[in-house]
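Colleague: Could you walk me through this one slowly? I'm still learning how to read strands and helices.

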Amino acid sequence: TDEAQRAAAAALARLELKPKGKAPCSSQEAIKNQVRKELMAEAAASEKGLSVEEKEQEEEGAAAPSVSGVYFTCPLTGAVVRKDQKEKQLREAIQAYFSVDPVAASIMEIHTFNKDREKVRACVETMAKYLDNIYLHPEEEKYRKIKLQNKVFQERISCLEGTHKFFQAVGFETKTLPVPGQGKNSWYTPEEFYVLKEEMLSRLEELKERKERLLSSEPVRAQLHRQLTVFRPSPAAARFELPHDFFNLTAEELRREQRLRTEAVEKASMLRTRAMREKEEQREMRKYNYTLLRVRFPDGYILQGTFYARESVSVLYNFVREALRDDWLPFELLGPGGLKLTDENLAFNECGLVPSALLSLAWDAAVMADVEAAAAEEQRSALRPELLAGAQSLS
C-alpha cells in the first residue's frame, strides 16, 4: 500500500541519519532487514484490516518490546548478532582466522570453546612443558617426539578442542614410528607420534614466543552491544516491554514462575514479613542477566542502553559521559524515587536497577546555571549532535 511504502521510506531515511562509523555495516544491514520484515508484517496485517500493533498483539499477546532483543558484537569481525547466534559467529570468525594466523586461531579455539577453565589450565601448562623441553634441550631427540597414545597426552590434551591444530600450526607433523613391545622377545609395534619438523630447530625463539602466547591468552568473548538509542522527550519514558532475551528463564518457565508466585501471594500475603519480601525480590533480580536503562536529561531527551545486570554503576556513568557533547561536564544520576547513585561500585542488580529503570540526570549544582544558560543561548542539547540526528520517537 501507499501508506506502507511511505513508512518504509521514512524508516530507511531514519537509518541513514544515524552516525556513520559508529556501528558495523552488518549491524546497519540487520536493522534494515528488520525494517523490511516489519513492513511485510504491516502488509499482511492490512489484508486483515489490522494495524501492525494489533497484528503483533494478536500473534504475541503483548505490546512491542522496548528493544528487539539482546545483541553482541564479535570482536574479530565487528558483526552484531543476536544472543543465541554469538557462539556460532565466534566459531565462524575463528575458523576464518586460520587463513590469517593458524597459531593464533588454534590458541583462540583452545581458550574459547573448552568451557572447563581448570582443564584448560592443565592442558596449556602440559603443552607448554612439551615446548619448554624442546627449547631447553634442542639436542635431545626424545623431546621432539610426543606419543599420541600417551596417557597424559590423552587425558589432558587430546580431548580438548583446538589442541591438535595448535601442534600442527607450530611445526609438528604426524608420523608412525616403531615402538618396542613390553616383553623380552616382543616385536616392534607402530604407533603415532607428533614429531617436530627439523626446520623448527633453527626457529626455537619463535617456538618459545608461541608457548608464551598459549599460556597468556584469554577466551575470545563477544561484547554486549549497548544498542545506544536516543529518544525525543516522551511521557512514555517509564514504560518498558522487555523481550525474553533479558531473562535467564525461558518464556514457559517465566509464566510458570509468575503463576506460582501469584498463588503464593494470594495464600500468604498477610503473613509475609518485609524481610521475606526483600529476600524474594533479591532472588527475582538474580533471574535477570541484562537490564535496559534509560537516562532522562533535563531537556527531556532520553538516552537508552543495554547492560549486564552485574555491571557496576560506574559503567553507566561512563556510558552517559561518552554521549555528551562536552564530556567534562559534572553530573549526577538519580535512580527511581530521586535517590542519588553515589556508590559507583554497586552492581545494577544490587541497587534495584534490573530488569529496567528510568533514571534522571542532574547537572552538578556548581555548574548548572552555566549549563542552562549555554543551552538556552545556543538552543542545543547536551547530547552529541550525531546522536540527536538519529533521535527516535518513543511510543
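Modeller: We will go through a sheet, a hairpin and a pair of helices, and please keep in mind that this is a predicted model.

Colleague: OK, the sheet then. In what order do the strands of the open sheet come?

Modeller: The open sheet has five strands in the order β7-β9-β8-β11-β10, and their pairing is mixed. The strands β7 (229-231) and β10 (331-334) stand at the edges, where each has a single partner strand, so one side of each is left without a neighbour in the sheet. Leaving direction aside, neighbouring strands of this sheet are turned by 30° against each other on average.

Colleague: And how do β8 and β9 pair?

Modeller: Strand β8, which covers residues 290-296, and strand β9, which covers residues 302-308, pair in the antiparallel sense over seven bridges. To find this in the picture, look for Y290, which stands opposite Y308 in β9, and then for R294, whose bridge partner in β9 is Q304.

Colleague: What do β8 and β9 form, and how many residues are between them?

Modeller: They form a hairpin with five residues between the two strands, and G300 in that turn has a positive phi of about 100°.

Colleague: What about β8 and β11, which way do they run?

Modeller: Those two strands run parallel and are joined by five bridges; as one example of residues facing each other, L292 stands opposite S356 in β11.

Colleague: Is β8 mostly covered or mostly open?

Modeller: Strand β8 is mostly covered, since six of its seven residues are buried.

Colleague: Which helix packs on the sheet?

Modeller: That is helix α12 (residues 313-323), which touches β8, β9, β10 and β11 (356-363), and whose direction makes about 140° with that of β9.

Colleague: Changing topic: how do helix α4 and helix α5 cross?

Modeller: The axes of α4 (residues 86-97) and α5 (residues 102-113) come within 8 Å and cross at roughly 155°. Angles over 145 degrees count as roughly antiparallel, and that makes α4 roughly antiparallel to α5.

Colleague: Which residues meet there?

Modeller: From α4 the residues are E87, L90, R91, I94, Q95 and Y97, and they meet P102, A104, A105, M108, E109, T112 and F113 in α5. Sorted by kind, the residues of this contact divide into eight nonpolar, two polar and three charged.

Technical notes:
Residues are numbered from 1 along each chain as its sequence is written. This is a predicted model: local features need pLDDT of at least 70, side-chain atom pairs count only at pLDDT 80 or more; totals for chains, interfaces and linings use all residues. Side-chain values use heavy atoms; hydrogens and water are left out. Two strands pair if DSSP finds at least two bridges between them. Helices (H or I, at least four residues) and strands (E, at least two) are DSSP runs, numbered from the N terminus. Axes are lines fitted to C-alpha atoms, for helices over the stretch in contact, and angles run from 0 to 180 degrees between N-to-C directions. Contact means heavy atoms within 4.5 Å. Buried means under 20% relative accessible area, exposed over 50%, partly exposed in between (1.4 Å probe, protein chains only). Angles under 35 degrees count as roughly parallel, over 145 as roughly antiparallel, 65 to 115 as roughly perpendicular and the rest as oblique. Ala, Val, Leu, Ile, Met, Phe, Trp, Tyr, Cys and Pro count as nonpolar, Asp, Glu, Lys and Arg as charged, and the others, Gly among them, as polar.
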